[in-house]
Amino acid sequence: RILKDLAFWDVYHEHCSYFSKGSLARLFRSQGFDVARLWTDYDDQYLMIEARPSTGTPTGPLADEEDVQTLQLEVEDFARRIGPRLDHWRGFLNLLHSEGKRVVLWGGGSKAVAFLTTLGMQEQVECAVDINPHKHGTYLAKTGHEIVAPDYLRSNPPDVVIIMNPIYHDEISRDLNAMGLSPRIVHIDVDPSTVDL
């Protein structure tokens, strides 16, 4: 998913390893397991495996496993396509900033940190919003953006909210509507060059 969707915000040091379906299955087989099933969950953000110790002849690849050559092509494609995507995001945020638009990120975790640090953005984004009260009054690593409670937006209404995890779109939309706010909502996984403001 990271390679195909150019999900650069999900590449950060806390993730100690990255697997595709094929590489995870090959790892388990090399350590004496039979792989029964592979799937993704949480809007394809998590890779899951069901395996058991092998009792004989190792099982072959499952239908949805990619081979090493296919994975290599996906990595090369990511490397070729990521530059323009980063440029689009930088241009989008710089345009909003030049127009005096107030932009906030919704989600004060690792995706927000990776998003901002990869793009090298600072003043283009005002803050990060998070529902976790333990994060309120703290700051994103490296960029120093304050993490605020959703209620902060009542007195500081944003023009644009960039959702760090689109799986929470409905919940965030309800929260914004309940506060009487109607900013433009942009998902992190869209190509910003296609966003009509």
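Asp10 is buried in this predicted model, with a relative accessible area of just 2%, well inside the under 20% cut-off for that class. Its carboxylate has company, though. Arg1 forms a salt bridge with Asp10, the closest N and O atoms sitting 2.4 Å apart. Unlike a buried residue, Arg1 counts as partly exposed, because its relative accessibility is 30%.

Asp10 also forms a salt bridge with Lys111, here with 2.5 Å between the closest N and O atoms. Asp10 lies in the loop between α1 (2-5) and α2 (21-30), while Lys111 is in helix α4 (residues 110-119), so this pair ties together parts that are 101 residues apart in sequence. Lys111 is buried, just as Asp10 is.

For a more local case, look at helix α3 (residues 68-98). Asp87 and Arg90 meet there in a salt bridge, 3.4 Å from N to O. They are 3 residues apart, so about one helical turn separates them. Asp87 is partly exposed at 49%, and Arg90 is partly exposed at 26%. Back at the earlier trio, salt bridges with shared partners join Arg1, Asp10 and Lys111 into one network. Across the whole structure, a search finds 13 salt bridges.

Now for the sheet. It's an open one with 5 strands in the order β5-β4-β3-β6-β7, and the pairing is parallel. At the edges are β5 (147-148) and β7 (184-187), each pairing on one side only. Further in, 4 bridges join β3 (residues 103-106) to β6 (residues 160-163), and Trp106 has Ile163 in β6 as its bridge partner. Helix α6 (residues 169-178) packs on the sheet, touching β3, β6 and β7, and its direction makes about 160° with that of β7.

Key. Residues are numbered from 1 along each chain as its sequence is written. This is a predicted model: local features need pLDDT of at least 70, side-chain atom pairs count only at pLDDT 80 or more; totals for chains, interfaces and linings use all residues. Side-chain values use heavy atoms; hydrogens and water are left out. Two strands pair if DSSP finds at least two bridges between them. Helices (H or I, at least four residues) and strands (E, at least two) are DSSP runs, numbered from the N terminus. Contact means heavy atoms within 4.5 Å. Axes are lines fitted to C-alpha atoms, for helices over the stretch in contact, and angles run from 0 to 180 degrees between N-to-C directions. A salt bridge is a side-chain nitrogen of Lys or Arg within 4 Å of a carboxyl oxygen of Asp or Glu. Buried means under 20% relative accessible area, exposed over 50%, partly exposed in between (1.4 Å probe, protein chains only).
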